[in-house]
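User: I have a chain open on my screen and would like to talk it through with someone. Could you start with the overall layout and then go into single residues?

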Amino acid sequence: MAENLKFLLVEAKVLPEVFLRVMDAKMLLAQGKAKNASQAAQMAGVSRSAFYKYKDSLYLYDERMSENITTLYLTLEDRPGVLSLVLGELYRAGANVITVNQNIPVDGVALVSISVRTNSQSKSRSEILDLLSELDGIVEAKTI
């Protein structure tokens with residue numbers, strides 16, 4: 001049965017050190033702290049061969065990915081500060097903004113989609129929509 005498993009979630013402290021060093025090297029590359037794989041491997045204290053052997057099989061588990069992602073569809077009045085007001089309200093609601101896409105304004109309004117990540121400490125989706133709907137400059141706020 002175990003040979004049919006594709007992924008395992010394993011606590012990092014029980015893994016061989018080489019896996020942790022390869023993850024360090026991957027993070028150094030992703031953050032731009034290393035110019036190339038050779039430099040990242042050297043900085044992380046792992047051989048290049050070990051880095052290349054394991055790099056495509058190791059992924060950092062991000063607990064935040066288990067949180068809720070919601071996409072908000074907003075119609076905003078085309079005037080300065082409205083989008084900033086929305087983003088500030090999302091921050092106060094505990095929502096982490098992932099993406100913002102705004103269309104060119106037509107007929108005095110702009111269509112905006114905003115994807116946010118929320119967790120148990122954030123306001124609920126309906127509470128966020130209610131807050132946004134009450135803001136000056138918001139014509140419509142909804143989710144799909």
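**Walking through the chain**

Analyst: Reading from the N terminus, the elements of the chain follow the order α-α-α-β-α-β-β-α-β. Please keep in mind throughout that this is a predicted model.

User: How many helices and strands does the chain have?

Analyst: There are five helices and four strands in the chain.

User: And what radius of gyration does the chain have, next to a compact globule of 144 residues?

Analyst: The chain has a radius of gyration of 22 Å, whereas a compact globule of 144 residues would be near 15 Å. If you look along the principal axes, the C-alpha atoms fill a box of roughly 60 × 40 × 25 Å.

User: What share of the residues is buried?

Analyst: Of the 144 residues, 29% count as buried. The accessible surface of the chain is about 10000 Å², and 52% of that surface belongs to carbon and sulfur atoms.

User: Where do the charges sit on average, I mean how far apart are the mean positions?

Analyst: The chain has 16 positive and 17 negative charges, and the mean positions of these two groups are 12 Å apart.

User: Let's switch to rings. How many aromatic pairs does the structure hold?

Analyst: The structure holds two aromatic pairs. In one of them, the ring centres of Phe19 and Tyr54 are 4.8 Å apart and the ring planes stand at 80°, so this pair is edge-to-face. The pair links distant parts of the chain, since Phe19 belongs to helix 1 (residues 17-30) and Tyr54 to helix 3 (residues 48-54), with their positions 35 residues apart in sequence.

User: Is Tyr54 buried, partly exposed or exposed?

Analyst: Tyr54 counts as partly exposed, because its relative accessibility is 23%, and a residue has to be under 20% to be called buried.

User: Which residues make up the other pair, and how are they arranged?

Analyst: Phe51 and Tyr52 form that pair, which is also edge-to-face, with 5.5 Å from centre to centre and 75° between the planes. Phe51 is buried, with a relative accessible area of 3%, while Tyr52 counts as partly exposed at 45%.

User: New topic, strand 1. Where does Leu76 lie, and is Leu76 buried or exposed?

Analyst: Leu76 lies in strand 1, which covers residues 68-77, and Leu76 is buried, with a relative accessible area of 3%.

User: What does Leu76 touch?

Analyst: Leaving out residues up to four places away in sequence, Leu76 touches Val82, Leu83, Val86, Gly108, Val109, Ala110, Val112, Gly137, Ile138 and Val139. As for Val109, the two residues are 33 apart in sequence, yet their C-alpha atoms are 5.4 Å apart in space.

User: What about Val109 itself, which strand is that in and what does Val109 touch?

Analyst: Val109 lies in strand 3 and counts as partly exposed, with 26% relative accessibility. Not counting residues up to four places away in sequence, Val109 touches Thr75, Leu76, Glu77, Asp78 and Val139. By contrast, the C-alpha atoms of Val109 and Ile69, which are 40 residues apart along the chain, are separated by 25 Å.

User: Where does Asp107 lie, and what is its phi?

Analyst: Asp107 lies in the loop between strand 2 (96-102) and strand 3 (109-118). Its phi is near 55°, a positive value in a residue other than glycine. At 77% relative accessibility, Asp107 counts as exposed.

User: Is Glu89 buried or exposed, and which residues is Glu89 in contact with?

Analyst: Glu89, which is found in helix 4 (residues 82-92), is buried, with a relative accessible area of 16%. Leaving aside neighbours within four places in sequence, Glu89 is in contact with Leu131, Leu132 and Leu135.

User: Last one: where is Leu5, and how far is Leu5 from Glu134?

Analyst: Leu5 is found in the segment before helix 1, and Leu5 is partly exposed, with a relative accessible area of 48%. The C-alpha atoms of Leu5 and Glu134 are separated by 49 Å, and these two residues are 129 apart along the chain.

Terms used:
Residues are numbered from 1 along each chain as its sequence is written. This is a predicted model: local features need pLDDT of at least 70, side-chain atom pairs count only at pLDDT 80 or more; totals for chains, interfaces and linings use all residues. Side-chain values use heavy atoms; hydrogens and water are left out. Helices (H or I, at least four residues) and strands (E, at least two) are DSSP runs, numbered from the N terminus. The radius of gyration is taken over C-alpha atoms; the globule rule is 2.2 Å times the number of residues to the power 0.38. Buried means under 20% relative accessible area, exposed over 50%, partly exposed in between (1.4 Å probe, protein chains only). Accessible areas come from the Shrake-Rupley method with a 1.4 Å probe; for residues, only the protein chains shown count as cover. Lys and Arg count as positive and Asp and Glu as negative; His and the chain ends are not counted. The place of a charge is taken as NZ of Lys, CZ of Arg, CG of Asp or CD of Glu. Rings of Phe, Tyr and Trp (its six-membered ring) pair if their centres lie within 6.5 Å; planes under 30 degrees apart count as stacked, over 60 as edge-to-face and the rest as tilted. Contact means heavy atoms within 4.5 Å.
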